[in-house]
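Here are some short exercises to work through with the coordinates open. Try each task before you read its solution.

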Amino acid sequence: MLSNIGIPGLVIVLVIALIIFGPSKLPEIGRAFGRTLSEFKGATKGLVSDSDKEEEKENKSEVTAIKKEG
């Protein structure tokens, strides 16, 4: 969806944002957006690492069960 915007579309969006919010608010909005993205990235890394740990535990228990059977 966002891959279809292109450079001209991005320029139009930035000009509209400049008109709506003004030059004094744009840096604040950019910082807030950056913080939001970094928090989202950290949260997704946490979810991925949690699921990786669960998979490792499951794999270890399967290997232990196979060893006991064999």
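A residue counts as buried under 20% relative accessible area, as exposed over 50%, and as partly exposed in between. Keep in mind that this is a predicted model.

**Exercise 1. Find the salt bridge and classify its two partners.**

Step 1: Search the whole structure; the search gives 1 salt bridge.
Step 2: Identify the pair. Glu-28 bridges to Lys-25, and their closest N and O atoms are 3.7 Å apart. That passes the test, because the cut-off for such a nitrogen and oxygen is within 4 Å.
Step 3: Classify Lys-25. Its relative accessible area is 42%, so Lys-25 is partly exposed.
Step 4: Do the same for Glu-28. With a relative accessible area of 43%, Glu-28 is partly exposed too.

**Exercise 2. Check the length of helix H1 against its expected span.**

Step 1: Get the overall layout: the chain has 2 helices and 0 strands. Helix H1 covers residues 6-21.
Step 2: Work out the expectation. The span is 1.5 Å times one less than the number of residues, so the 16 residues of H1 should cover 22 Å.
Step 3: Compare with the model. The end C-alpha atoms of H1 lie 22 Å apart, in agreement with the expected value.
Step 4: Look just past the helix, where Gly-22 has a positive phi of about 85 degrees.

**Exercise 3. Describe the nonpolar patch on the surface.**

Step 1: List the members: Ile-12, Ile-16, Ile-20, Phe-21 and Ile-29. Together they have about 480 Å² of accessible area.
Step 2: Ask which helix gives the most to the patch. Helix H1 does, with 4 residues.
Step 3: Take one member, Ile-20, which lies in helix H1. Its relative accessible area is 59%, so Ile-20 is exposed.
Step 4: Set this beside the whole chain, which exposes about 6,500 Å², with 66% supplied by carbon and sulfur atoms. Of its 70 residues, 3% count as buried.

**Exercise 4. Characterise the largest pocket and trace its lining.**

Step 1: Start with the volume, about 210 Å³ for the largest pocket.
Step 2: Read off the lining residues, which are Ile-5, Leu-10, Val-13, Leu-14, Ala-17, Phe-21, Leu-26, Ile-29 and Phe-33.
Step 3: Assign them to helices. H1 and helix H2 (26-69) each supply at least two residues of this lining, and H1 provides the largest share, 5 residues.
Step 4: Cross-check with Exercise 3: Phe-21 and Ile-29 belong to the nonpolar patch and also line the largest pocket.

Notes:
Residues numbered from 1 in each chain as written. Predicted model: local features only at pLDDT ≥ 70, side-chain atom pairs only at ≥ 80, totals over all residues. Heavy atoms only, no water. Patch = residues over 30% accessible without salt bridge, like charges linked within 9 Å, V, L, I, M, F, W, Y side chains within 5 Å. Areas by Shrake-Rupley, 256 points an atom, 1.4 Å probe, with all protein chains shown as cover. Salt bridge = Lys/Arg side-chain N within 4 Å of Asp/Glu carboxyl O. Buried < 20%, exposed > 50% of the residue type's maximum accessible area, 1.4 Å probe, protein only. 1 Å grid on protein atoms, 1.4 Å probe; cavity = no way out; pocket = protein on both sides within 12 Å on 5 of 7 lines; lining within 4 Å. Points joined across faces, edges and corners; volume = space filled by probe spheres on them.
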